[in-house]
Amino acid sequence: MKNTRKAILQDLTQLAELFDQYRIFYHKESDISSAENFLRERIENKDAEIFVAEENGVLTGFVQLYPIFSSTRMQRYWLLNDLYVNAGHRGKGYSKELIDQAKKLCTSSNACGILLETGKSNDIGNQLYPACGFKLYNTVNFYEWTPEQ
């Protein structure tokens with residue numbers, strides 16, 4: 001039976017494994033222990049909203065959103081930072097269900113919208129997000145600054 005719901009601390013073991021797979025997908029080294037600690041902090045500090053998809057008690061995917069704010073709109077925005085479905089469960093609608101959870105969060109928190117970024121080469125994401133009602137902005141430049149390591 002398929003289900004999507006808010007993540008709880010009891011999900012950490014399975015959620016950390018999914019999060020580790022997600023990070024590996026983005027060319028990071030596997031580190032399940034640190035993944036579990038990172039997710040525990042997000043849940044305990046309530047500085048992220050994490051929803052999980054599950055089938056028969058097994059977590060199959062997750063979405064993680066961080067609160068940000070729009071000064072011009074004077075409202076909360078949600079940054080959809082992470083969306084991942086285990087390779088063995090793709091194509092079953094889990095991504096859309098997780099995005100629907102994000103949309104419900106947006107509405108229930110009176111936020112002005114959800115922002116996300118994905119690579120130009122992410123063919124699946126670049127089809128999924130417009131199909132879920134997201135609009136591509138061509139009118140802005142995205143910049144990043146990082147301290148030298």
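**Figure 1. Contacts that are distant in sequence, and the overall build of the chain.** In this predicted model, 58% of the contacts between residues at least 6 apart in sequence join residues that are at least 24 apart. The chain has 4 helices and 5 strands, and these elements follow one another from the N terminus in the order β-α-α-β-β-β-α-β-α. Taken along the principal axes, the C-alpha atoms fill a box of roughly 40 × 40 × 30 Å. The radius of gyration of the chain is 16 Å, which agrees with the value near 15 Å that a compact globule of 149 residues would have.

**Figure 2. Surface and interior of the chain.** Of the 149 residues, 36% count as buried. The area that the chain exposes comes to about 10000 Å², and carbon and sulfur atoms supply 51% of it.

**Figure 3. Helix α2 and its buried face.** Helix α2 covers residues 32-45, and its 14 residues reach 20 Å from the first C-alpha to the last, close to the 20 Å expected at 1.5 Å a residue. The buried residues of this helix are A35, L39, R42 and I43; seen down the axis of α2, they fall within an arc of 95 degrees, so they line one face of the helix. An α-helix has 3.6 residues a turn, so residues three or four places apart point the same way. On the other side of α2, S33 and N45 are exposed.

**Figure 4. The neighbours of α2 and the residue that follows the helix.** The buried residues of α2 pack against three elements, namely helix α1 (12-25), strand β2 (49-55) and strand β3 (58-70). Just after α2 comes K46, which takes a positive phi of about 55 degrees.

**Figure 5. The cysteines C106 and C112, whose sulfur atoms are not bonded.** A disulfide is a covalent bond between the sulfur atoms of two cysteines. A search of the whole structure finds 0 disulfides. For C106, the closest cysteine sulfur is that of C112, at 7.2 Å, which is too far for a bond, since a disulfide requires a pair of cysteine sulfur atoms within 2.5 Å. Taken from the side of C112, the closest cysteine sulfur is in C106, and the distance of 7.2 Å is again too far for a bond. As for their surroundings, C106 is buried, with a relative accessible area of 10%, whereas C112 is partly exposed, with a relative accessible area of 22%.

Terms used: Residues are numbered from 1 along each chain as its sequence is written. This is a predicted model: local features need pLDDT of at least 70, side-chain atom pairs count only at pLDDT 80 or more; totals for chains, interfaces and linings use all residues. Side-chain values use heavy atoms; hydrogens and water are left out. Buried means under 20% relative accessible area, exposed over 50%, partly exposed in between (1.4 Å probe, protein chains only). Helices (H or I, at least four residues) and strands (E, at least two) are DSSP runs, numbered from the N terminus. The expected span of a helix is 1.5 Å times one less than its number of residues. The arc is that of the directions from the helix axis to the C-beta atoms. Contact means heavy atoms within 4.5 Å. The radius of gyration is taken over C-alpha atoms; the globule rule is 2.2 Å times the number of residues to the power 0.38. Accessible areas come from the Shrake-Rupley method with a 1.4 Å probe; for residues, only the protein chains shown count as cover.
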